[in-house]
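Student: I would like to check the ligand site term by term. Please set each value against its definition.

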Amino acid sequence: MGCHLESTKAAFPIERVEKSRLTGIDFAKLPFGSVFSDHMLCAEYRDEHWEEPCIVPYGPLEIPPSISALHYGQAIFEGFKAHRLANERIALFRPRDNFARFNRSAERLAMPQIPESLFLDGIAELVRLDREWVPRTEGAGLYIRPIYFATDEALVVRPAKSYRLVVFTCPVGPYFAEPLRLLVEEHFVRAFPGGTGFTKASGNYAGSLLASRLAQEQGFHNVVWLDGQTRTLIEESGVMNIFFVIDGEAITPPLSGTILPGVVRDSVITLLREMDVTVNERSIGIEELVSAHKDKSLSEAFGVGTAATVAPIEMIRYRTHDIQLPAKTQALAERVREKLVAIRTGRQPDVHGWLMPV
Ligand code: COI
């Protein structure tokens, strides 16, 4: 791609937009991921090294149709957020954890590792430049979306030699506007042992779309994924990790290799434990869930993820069973969401060092 840019005080070249597109946007009413901030960070890998990154106006990428990512799916992404603190400073939430996961995804897809400084310093500079795009609305944030894909112009099936990293951002509110209704998916699977379920490979999401569309056609928001081998164990919900509260104890499926190691999942486990809630990372079968609903020991279910934060689940359908969990009983989900939001926005002390001010 190559950058032909003005020199600036930043560690790398920046080409600023002539006029910001930030006018007349109602941050309170933005559909998730539909409006993009002014700039993006770009970096190229070729000849076995990363070239100097640059920041340019957000816009279309020039891509030949032969690039291998479009054919063989050597492509991954990440998602995390920046929030505005009470003192108007801006902080990224756990970017190092997303960076580490990005490189784990890269390794699984035979892509080169990304240097930490390229990723973290580049994104800090990008967010500083577009700081006016960070919403002030409660519960909103600036969603940061790194994408990383193979750019070899070659149809031979092999790990590519050249790659592109692009990071762009968008102001977002909550991903879901209402409590979720989910359908347990027994035919399609999201992941299987030895596969790419623990990564943010773009293809994982492509493979999930038909099941979600079929569920949506029946009035559900998305599906509950079961394990690929026995189709009995609960793994995730739609594009989120999942938690249940049974007998006052929080249960979430363990990171077995088929489940995405969510940064928000990890944060929620930490915060629940600090709230003196027992958290059990263990396998949970769909039949156990049905029994726990019948004997009334199941009190809550919620999904967690960067986009959704903590999303209460009000109904799960499994065959002829409707597991109803009225949203008003979701006390723990609400308490942990509130704690997480308070830390992200600096209203509660960041004792875990999760915030990275930019
Ligand atoms: C996220 O929560 O950041 C995700 O990656 C889910 C997304 C595909 C919207």
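Tutor: By class, the shell around the ligand has six nonpolar, two polar and two charged residues. This is a predicted model, in which local features need pLDDT of at least 70 and side-chain atom pairs pLDDT 80 or more, while totals for chains, interfaces and linings use all residues. Residues are numbered from 1 along each chain as its sequence is written, and side-chain values use heavy atoms, with hydrogens and water left out.

Student: What makes a residue count as around the ligand?

Tutor: One of its heavy atoms must lie within 4 Å of the ligand. The residues around the ligand include F77, Y143, R145, K200 and T306.

Student: Why is the pair formed by K200 and the ligand called a polar contact?

Tutor: A side-chain N or O atom of K200 is 2.6 Å from an oxygen atom of the ligand. A polar contact is a pair of N or O atoms within 3.5 Å, so the pair qualifies.

Student: Which backbone atoms lie at 3.2 Å and 2.8 Å from a ligand oxygen atom?

Tutor: A backbone N or O atom of T306 lies at 3.2 Å, and one of A307 at 2.8 Å. The ligand taken alone exposes 280 Å², and the protein buries 90% of that (Shrake-Rupley method, 1.4 Å probe).

Student: How do you know which domains the shell draws on?

Tutor: The bounds come from an automatic or database domain assignment, which gives domain 1 (27-172) and domain 2 (180-344). Each of these domains supplies at least three residues of the shell around the ligand.

How values were computed: Polar contact = N/O pair within 3.5 Å; in protein donor to acceptor, adjacent residues only side chain to side chain. Nonpolar A, V, L, I, M, F, W, Y, C, P; charged D, E, K, R; others polar.
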